[in-house]
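Trainee: I am new to this structure and would be grateful for a close look at one part of it. May I ask you to take its salt bridges as the subject?

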Amino acid sequence: VPLKPGRSLMDWIRLTKSGKDLTGLKGRLIEVTEEELAKHSKKDDCWICIRGLVYNVTSYMEYHPGGDDELMRAAGTDGTDLFDQVHRWVNYESMLKECLVGRMALKPVAATTETCCTLPEEKKLLNGMLPKNKVLDTSSKDLTPRETHAQLTLNVLLEVPHYDWFQTDHLVTVVIYTKQKGMNSEMVIVDHQDGRLRVDSILRDYSYLLHIELSYAVQEDIAVHIAEKVGKVEIVLKKKDNIPWSKLGQPLESHSSFIKCTDRGLCYRRCKLISKTEVTHDTKLFCLMLPRSTHLQVPVGHHVYLKQIIAGTEIVKPYTPVSCSLKSDFKEPSHHDSTHLILMIKIYPNGLFTPELDHLQIGDYISVSNSEGSFKKSQVQTLEDLFLLAAGTGFTPMVKLLNYVLTNVCSLRTVKLMFFNKTEDDILWRNQLEQLALKDKRFEVQFILSEPKKEGTGKQGKISSSLLSEFVKRSKKDSKILICVCGPAPFTEQGIQFLQDLGYSKEEVHSFTA
């Protein structure tokens, strides 16, 4: 929502550093009961609980980009689920550290009679099978009866992954048996930093994590091999010293945990800026190089988060990687997929985050997270008609999607992009889009401008039901279609509503949101 003057993120950071008592408790931390929390549920007295920590957000109301009504939805209650639905990537602990009231008082938990099968202690060493009572990550809380039941259900629905390792004189190989067919390199994220190995395997909506402090030093180069048909993942490490290892290493936080991806915290690594090039007057391509000891390939339609410390506060923003260009043959250098991330970012002169990004010099580093996103390639595998609705930098998830469908989807008949911008100067990769439309007859692009500087560039207007009814037309009766929408939140919300009003089902519409 529009914020009042003096209510920007930087203004909030200044307020938190002013020494003003934002909790009303004069620096004391208290234990908060549910009854006490419920008393603070008004705009002029609002406490919210997130992951067991209680914050007095009364002073933050006017600074919240989503408006005070959104905060009031969680007033006086546990707002963890609501927070995760909207923006779980935001570092609330840093943003609200001066608003911390205290911790929620723990309720006594009744003992459960359910038990889980356990393995002997010697089998829990870092040399193989995951004990069943470690399926869920229990590092931060005890299992309640409900969680124990969920764990047993999970054991039935998904075969629990496990791992083993072996060595030669020069190599150590870690093998993960995911038991999931169709595994590919995008589903495995590997980081080796300061002697610590972290391997995150994505299995449907779940994450299986190996997190180990290795016994001995290994070289930076790490090889990842995947047997897709059987779901076997191999991580090959080169020993620095050719000596035998008696064990792989020591377990670290959340090692051998198997939990929902949404419950797994983000992992960051430092990436080097190697190039920065202009796309338009206010948008640039940032090319970041991953560390040599990182394996990260971002799936189509997924985004990453960039993290910067600004004025002592951790700020995080989502961005969707793109291809280096739109080429008619789509023969993009493979090294860009495995060793580089290319981000198309609009610089807001009066913003807080993007000017800092723009000030980065070649060779500087920035923290980049694992990827997230709900889009699945299976949504387009048998597609006949694809319609893309993009506004501004909402074009970014469409880049790799265009690349993928025009190359890999044999059933595809038409791909149509309706691209909304303010003026002609704001259109991203206009020439490349027009060239693609000339070379591939399946592709068509329409430019919609809200404030055109001259006639003949495209249609004038904003997203509307009448525009969409003309644009979204099947190539044949009952053809299989997908309509993808991305842009500022009001644009996306309006687009989805218009499409629903026109009779398109939820399965036929996908919105890219972070």
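Trainee: With which residue does Arg-430 form a salt bridge?

Mentor: The model is a predicted one, and every value below should be read with that in mind. Arg-430 forms its salt bridge with Glu-434, and the closest N and O atoms of the two are 3.2 Å apart. Both residues belong to helix α10, which spans residues 430-439; because they are four residues apart there, about one helical turn separates them. Arg-430 has a relative accessible area of 28%, so it counts as partly exposed. Glu-434, at 29%, is likewise partly exposed. Salt bridges with shared partners also occur: they join Lys-4, Arg-7 and Glu-62 into one network.

As general background, side chains that carry opposite charges can pair when their charged atoms come close.

The structure holds 24 salt bridges, and two further examples deserve attention. One of them is formed by Lys-43 and Asp-68, whose closest N and O atoms lie 3.5 Å apart. This pair links distant parts of the chain, as its two residues are 25 residues apart: Lys-43 sits in the loop between β2 (41-42) and β3 (45-50), while Asp-68 is in helix α3, residues 68-72. The relative accessibility of Lys-43 is 43%, which makes Lys-43 partly exposed. For Asp-68 the value is 27%, and Asp-68 too is classed as partly exposed.

The other example is the salt bridge in which the side chains of Glu-384 and Lys-476 meet, with an N to O distance of 3.4 Å. Glu-384 is found in the loop between β21 (365-369) and β22 (385-391), and Lys-476 in the loop between α11 (465-471) and β26 (481-486); the pair therefore ties together parts that are 92 residues apart in sequence. The two partners fall into separate classes of accessibility. Glu-384 has a relative accessible area of 14% and is buried, because the limit for that class is under 20%. Lys-476, at 39% relative accessibility, is partly exposed.

Taken together, these pairs show two settings for a salt bridge. Arg-430 and Glu-434 are partners within helix α10, whereas Lys-43 and Asp-68 link distant parts of the chain, and Glu-384 and Lys-476 tie together parts 92 residues apart in sequence.

Notes:
Residues numbered from 1 in each chain as written. Predicted model: local features only at pLDDT ≥ 70, side-chain atom pairs only at ≥ 80, totals over all residues. Heavy atoms only, no water. Salt bridge = Lys/Arg side-chain N within 4 Å of Asp/Glu carboxyl O. Buried < 20%, exposed > 50% of the residue type's maximum accessible area, 1.4 Å probe, protein only.
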